[in-house]
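Here are some exercises to work through with the model open in your viewer. Try each task before you read its solution.

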Amino acid sequence: MTVSRKGAVAEGGIPRRIDVPEIHHFRGSLGRFATGVAIVTFDGATKRHGITVNSFTSVSMDPPLVLVSIARDTKAHDELADRPFTVNILGAEQQALALHFAGRPGPEPLFVEGETAPRLARVLAYFSCTPWAAYDGGDHTLYLGEVRDFDYRTGDALAFANSSFTTIPESQLGVEELL
Ligand SMILES: Cc1cc2nc3c(=O)[nH]c(=O)nc-3n(C[C@H](O)[C@H](O)[C@H](O)COP(=O)(O)O)c2cc1C
């Protein structure tokens, strides 16, 4: 099933309209899935872009692939096609950065000129990617990148659930070093 921005639902190829309260209910239901918060950074044709996302997903280990889902009506959408990009995973103290790249500008962010794509300084983790594939995702496009460069630091993670930012303490993060 796909749900479009205008509320048209295609099921078995037969579209039906859904009303506004149902879209709110759908969004509210999706919002119960707690996520991290990331910023996709890349150089477009004429300028540098950044867009806050919580649609980041790891896809494959071999080859190493990650995915972000970008709304068609964003400025970043068309520019990201066929371009290298970095997914910057935010630490708990970086909520202002998340807002900056979601249309509420704050202090100018500090960039690092990565070998593959620009990235943000002092993030919790990053994955710099070359473009792998782009798939139709209704009113979004699913951009897959092949990870060329990555790293992480210690610290609490910024999270997003029920339309609010929250923190995931480091003690509850991955246990890979204990395995
Ligand atoms: C926590 C959070 C998560 C978001 N996740 C996404 C996402 O996964 N995909 C997306 O297209 N927009 C997402 N957005 C909205 C974009 O960040 C926002 O529309 C942005 O201003 C678009 O920028 P642009 O039009 O300059 O490219 C998210 C916003 C927030 C605050």
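**Exercise 1. A loop residue with positive phi**

Task: Is N162 buried or exposed, judging by its C-beta neighbours?

Solution. Start with the count: N162 has 10 C-beta neighbours inside 10 Å. A residue is exposed if that number is 12 or fewer, so N162 counts as exposed. Keep in mind that this is a predicted model. Next, place the residue: N162 sits in the loop between β14 and β15. Finally, look at the backbone: phi of N162 is positive, at about 50 degrees, although the residue is not a glycine.

**Exercise 2. Another positive phi, and a cis bond**

Task: Which loop holds D82, and what is its phi?

Solution. Step one: D82 is found in the loop between α2 and β9. Step two: its phi is near 65 degrees, again a positive value in a residue other than glycine. Step three: D82 has 9 C-beta neighbours inside 10 Å and so counts as exposed.

While you are checking backbone angles, turn to P63, in the loop between β7 and β8. The peptide bond leading from D62 to P63 is cis, and its omega is near 0 degrees.

**Exercise 3. The three-stranded sheet**

Task: In what order do the three strands of the open sheet with β14 run, and why does one side of β4 and of β15 lack a neighbour?

Solution. First, write down the order, β4-β14-β15, with antiparallel pairing. Then look at the ends: β4 (35–36) and β15 (164–168) are at the edges and have a single partner strand each, so one side of each is left without a neighbour in the sheet. Now zoom in on one pair: β4 and strand β14 (residues 157–161) run antiparallel and are joined by two bridges. To anchor the register, pick G36, whose bridge partner in β14 is A159.

**Exercise 4. The seven-stranded sheet**

Task: Which strands are the edge strands of the seven-stranded sheet?

Solution. Begin with the order of this open, antiparallel sheet: β6-β5-β9-β12-β13-β8-β7. The edge strands are β6 (48–53) and β7 (57–61), each of which pairs on one side only. From one strand to the next, the twist averages 35 degrees.

Now follow β9 to its two neighbours. Strand β5 (residues 38–43) pairs with strand β9 (residues 85–89) in the antiparallel sense over four bridges. Strand β12 (residues 125–137) also runs antiparallel to β9, and five bridges join them. V87 helps you find the register on either side: V87 is the bridge partner of V40, and in β12 the partner of V87 is F127.

**Exercise 5. How enclosed is β9?**

Task: How many residues of β9 are buried, and which lie on each side?

Solution. Count first: five of the five residues are buried, so β9 is largely enclosed by the rest of the structure. Then sort them by face. In a regular strand the side chains alternate between the two faces of the sheet. Here F85, V87 and I89 are on one side, and T86 and N88 are on the other, with both faces covered.

Next, look for the core. The largest nonpolar core has 32 residues, and those with the most contacts inside it are A38, I39, V40, V87 and L90. For L90, set aside the neighbours within four places in sequence; its contacts then include V37, A38, I39, L97 and V123.

**Exercise 6. Around the ligand**

Task: Which residues come nearest to the ligand, and which elements give two or more residues to the shell?

Solution. Of the 16 residues around the ligand, V53, S55, A71, T74 and A76 come nearest. The elements that give two or more residues to this shell are β6, β8 (64–71) and α2 (75–80). Sorted by class, the shell has nine nonpolar residues, six polar and one charged.

**Exercise 7. A pair far apart in sequence**

Task: How many residues separate L142 and L67 in sequence?

Solution. L142 and L67 are 75 residues apart in sequence, while their C-alpha atoms are 6.5 Å apart in space. L142 belongs to strand β13 (residues 140–152). With 17 other C-beta atoms within 10 Å, L142 is partly exposed. Beyond its neighbours within four places in sequence, L142 is in contact with L67, S69, A134, Y135 and G137.

Key: Residues numbered from 1 in each chain as written. Predicted model: local features only at pLDDT ≥ 70, side-chain atom pairs only at ≥ 80, totals over all residues. Pairing = 2+ DSSP bridges. Axes fitted to C-alpha atoms, helices over the stretch in contact; angles between N-to-C directions. Near = placed C-beta within 6 Å. Nonpolar A, V, L, I, M, F, W, Y, C, P; charged D, E, K, R; others polar. Buried ≥ 20, exposed ≤ 12 C-beta atoms within 10 Å, placed from the backbone. Core = buried A, V, L, I, M, F, W, Y, C linked by C-beta atoms within 7 Å. Contact = placed C-beta atoms within 7 Å.
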